[in-house]
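Subject: Handing over the structure

Hi there,

Here is the structure I promised to pass on to you. Please open it alongside this email, and my notes come straight after.

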Amino acid sequence: MGWIVKNLLALMFLFVFFHGVSAQDSAPAPEKPTAETPPARTTSSYGDPVTMEVPRSVKEAIRDQGVAITRLSLEFEKREAKDGISLEYEGMRTESPVIFAAFIGDKCDQELTYKDWLARIWRGIDLAFIVKTMPQKLPGLTVAIEHLHMKGEVETLQSTFRATDAKVGEPYSVRLRGVKPGINRYRLVVSYKNDKGEVTSAHGFSHWLVVQAPPMFEFSTEPACVATCMAAGTSTVIRSETTLTSSFMLHGGLSVSDCELRVIRRGKREVRLESLAPEVRRVVGSDTQPSGWEEVGRCRLGASNTDWIVLSQDAAGFVKVSYTHSLSITSDVLPLSENWDYQFELRHVTARDPLAVWSMNVALNIARTEDLAKARVVVSATGHAKPLEVPFSRK
């Protein structure tokens, strides 16, 4: 009859959903809520806090659970909890327990803003639940809460808290540590022992919590420029390459494969093109420049490098992107004046607007060949109060 008991076991869990770094192994075990003071902020962040969009599969689970929860709640109100479900078949009788584990909505965190998350020691979340059973006393009953975290479509178990002192019919409150930016799932797991001492466990319904956070942490930019000039017959070849390298760690709930970098620019490069042949003129620069922003290109962060941007990600999870602005002309087209504004946008597949935006400006003015000795490529970038000024070196 063991298979009957196993298949008739009904484990239903009431949840309340609110839109709201794996749990550190070195962090102490979860404990009851205590008074706290905000911890010191140790990492730099960039961009306004964002709230992750709950996937459609999660929304469907919420809807289905709501129906099942309502039905079971009504059953517990109708029945007395002295016995479980009894079955008789060909002179044999068995009894299967019914277990009801419910999160108490008004005692659970509904959503954590970035400010609230920072103010929590060990990044804790408050949860409360109650367990009821039929029959009222069930030998060896234990309750655990699993913490899972979603990154893109991938869900990873972070930690398991065992409520060893939970009592049937009494509310139980706990602050669980290690909640991460993005979508966190808390799932009740109930176990009990049958007459033979065998332990039966089952996963139940879940409570989802979304934590706000900026899209990037440990954000930094590093501008660099190489400017050279060299004689070529009666002319001088003038070249420069300006590169902005940006480094950051993504918001804990963002997947690299779901994000892309978009680069747009506006500005102009003015040189004297009248004496050049048409085919050369197209190489040096067009006769007219766009009046507003134009898209240079875009690339998924999880994709391979393109011909206009270099991407990399190290073992620690840092994303590094590099973009280069180039100039190559001869002194025949002087005077030269250029001023370019570049805008870099971190985008996500589910968001209409950029998650974060940073910029670079490149400016250069050369009136005559004789001015090369004092000419400077001036580079300004987000995160740098003082512009980078690079002189031309002669080869």
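Below is what I found on going through the strands and sheets.

One thing to keep in mind from the start: this is a predicted model.

**The four-strand sheet**

Let me begin with an open sheet of four strands, whose order is 8-7-10-11 and whose pairing is antiparallel. Its edges are strand 8 and strand 11 (199-211), each of which pairs on one side only. From one strand to the next, the twist averages 25°.

Strand 7 (residues 142-151) is a good place to look within this sheet. Eight of its ten residues are buried, that is, under 20% relative accessible area, so strand 7 is largely enclosed by the rest of the structure.

Strand 7 has a partner in strand 10 (residues 182-193), with nine bridges between them in the antiparallel sense. If you would like a residue pair to find this on screen, try His-149, whose bridge partner in strand 10 is Asn-184.

Strand 7 also pairs with strand 8 (residues 154-162): the two run antiparallel and are joined by eight bridges. Here you can pick out Glu-146, which stands opposite Thr-160 in strand 8, and His-147, which has Ser-159 as its bridge partner. As a general reminder while you look at these pairs, side chains in a regular strand alternate between the two faces of the sheet.

What happens at the turn of this hairpin? There are two residues between strand 7 and strand 8, and Gly-152 takes a positive phi near 65°.

**The six-strand sheet**

Further along the chain there is also an open sheet formed by six strands, in the order 15-14-18-19-20-21, again with antiparallel pairing. Which strands lie at its edges? They are strand 15 (294-300) and strand 21 (388-391), and each pairs on one side only. The twist in this sheet averages 15° from one strand to the next.

At one end of that order, strand 20 (residues 376-381) pairs with strand 21 over four bridges, in the antiparallel sense. Val-379 is a handy residue for locating this pairing, as it stands opposite Leu-388 in strand 21.

That is everything from my side for now. I hope these notes help you find your way around, and do write back with any questions.

Best wishes

Key:
Residues are numbered from 1 along each chain as its sequence is written. This is a predicted model: local features need pLDDT of at least 70, side-chain atom pairs count only at pLDDT 80 or more; totals for chains, interfaces and linings use all residues. Side-chain values use heavy atoms; hydrogens and water are left out. Two strands pair if DSSP finds at least two bridges between them. Axes are lines fitted to C-alpha atoms, for helices over the stretch in contact, and angles run from 0 to 180 degrees between N-to-C directions. Buried means under 20% relative accessible area, exposed over 50%, partly exposed in between (1.4 Å probe, protein chains only).
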